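User: I should like to go through this structure with attention to how each term is justified. Please set every value against its definition.

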Amino acid sequence: MIKRFKQTMTVLSLALSIVLLFASSAFAAAIDVSYKILSTSDKGGIVYDNTVTVEEGSTVFAALQQVSNDRGIPIVHSGSGANLYVSAINGAMENKYPGEYSGWMYRVNNELLSYAADDPNGAVLHAGDDVTWYYAVPAETYFTKIDNTTVSGSTLTVNVKAEKFDDVINWDLSGFTGLEGATVVAKQGGVERTATTNSNGDAVFTGLSSGTWQILVKDKYFTSGALNYAIEHTKSSVHTVIIP
């Protein structure tokens with residue numbers, strides 16, 4: 001009798017554990033992250049720029065897979081976890097340019113991480129994170145960001161900062177500084193204005209009409225090295241500014 005009772009309790013305990021396990025999986029907390037995929041202009045330019053809802057504890061790559069499945073964006077990858085490597089997104093393959101290494105990199109909150117995108121020890125997402133995948137030629141590509149926008153009446157000042165690899169042997173980054181010579185675009189409906197950043201990284205627009213404007217850096221900015229023609233490539237993500 002006692003033996004049967006213990007056996008019954010063991011079965012019930014096991015069943016309860018399974019139920020709780022499935023319940024915890026079913027009700028895992030969801031988080032929202034901003035997610036961008038910036039490719040070369042011939043492979044879609046701004047491929048994706050939106051908010052993604054994923055389960056808490058998801059990796060950067062898990063979110064990429066979700067975007068890929070939801071939007072039909074093909075990705076090519078090998079390995080998993082800390083050994084994951086993404087070689088192509090939306091048809092843009094690594095090593096596109098002869099004589100120069102090129103391929104996909106990702107950043108979280110504008111920081112280039114040293115972890116594989118599926119590494120549970122360093123690539124786990126948190127609520128409010130901003131993820132950017134971008135195609136790069138590390139020796140020449142600046143990663144640009146709109147650091148600040150200031151509105152004064154009908155005048156808009158956009159500050160653009162960027163960083164690149166000073167050394168692709170040791171993978172040393174320059175750190176973000178004001179980017180001179182970048183083209184910034186301001187769009188409102190069918191109206192498009194452009195301005196070039198000065199030595200401080202500031203692009204100034206004057207006489208803008210009131211309302212909502214979409215702001216972006218026209219191209220991923222390249223140095224005047226062997227691939228200076230690559231200035232044609234992708235636009236940055238889009239920022240919204242309101243002129244009173």
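User: What makes β14 and β15 a pair?
Analyst: Two strands pair if DSSP finds at least two bridges between them, a strand being a DSSP run of E of at least two residues, numbered from the N terminus. Strand β14 (residues 183-188) and β15 are joined in the antiparallel sense over 6 bridges, so the definition of at least two bridges is met. Within this pairing, A186 stands opposite R193 in β15. This is a predicted model, in which local features need pLDDT of at least 70 and side-chain atom pairs count only at pLDDT 80 or more, while totals for chains, interfaces and linings use all residues. Residues are numbered from 1 along each chain as its sequence is written, and side-chain values use heavy atoms, with hydrogens and water left out.

User: Why are β15 and β18 said to stand at the edges?
Analyst: The open sheet has 4 strands in the order β15-β14-β17-β18, with antiparallel pairing. β15 (191-196) and β18 (239-243) each have a single partner strand, so one side of each lacks a neighbour in the sheet. From one strand to the next, the twist averages 30°.

User: In the sheet with the order β3-β4-β5, which strands stand at the edges, and why?
Analyst: That open sheet is formed by 3 strands with antiparallel pairing. β3 (75-78) and β5 (92-93) are its edge strands, because each has a single partner strand and one side without a neighbour in the sheet. β3 pairs with strand β4 (residues 85-89) over 4 bridges, and S78 stands opposite Y85 in β4.

User: How do you know that helix α2 packs on the sheet?
Analyst: Contact means heavy atoms within 4.5 Å, and helix α2 (residues 60-71) touches β3 and β4. Its direction makes about 145° with that of β3; axes are lines fitted to C-alpha atoms, for helices over the stretch in contact, and angles run from 0 to 180 degrees between N-to-C directions.

User: Why is D119 described as having no salt bridge?
Analyst: A salt bridge is a side-chain nitrogen of Lys or Arg within 4 Å of a carboxyl oxygen of Asp or Glu. The nearest side chain of opposite charge to D119, R107, is 18 Å away, so the 4 Å criterion is not met. D119 is nevertheless buried, meaning under 20% relative accessible area (1.4 Å probe, protein chains only).

User: Where does D119 lie, and what does D119 touch?
Analyst: D119 lies in the loop between β7 (111-112) and β8 (130-136). Not counting residues up to four places away in sequence, D119 touches T59, G81, A82 and V124.

Key. Buried < 20%, exposed > 50% of the residue type's maximum accessible area, 1.4 Å probe, protein only. Lys, Arg positive; Asp, Glu negative; His and termini not counted.
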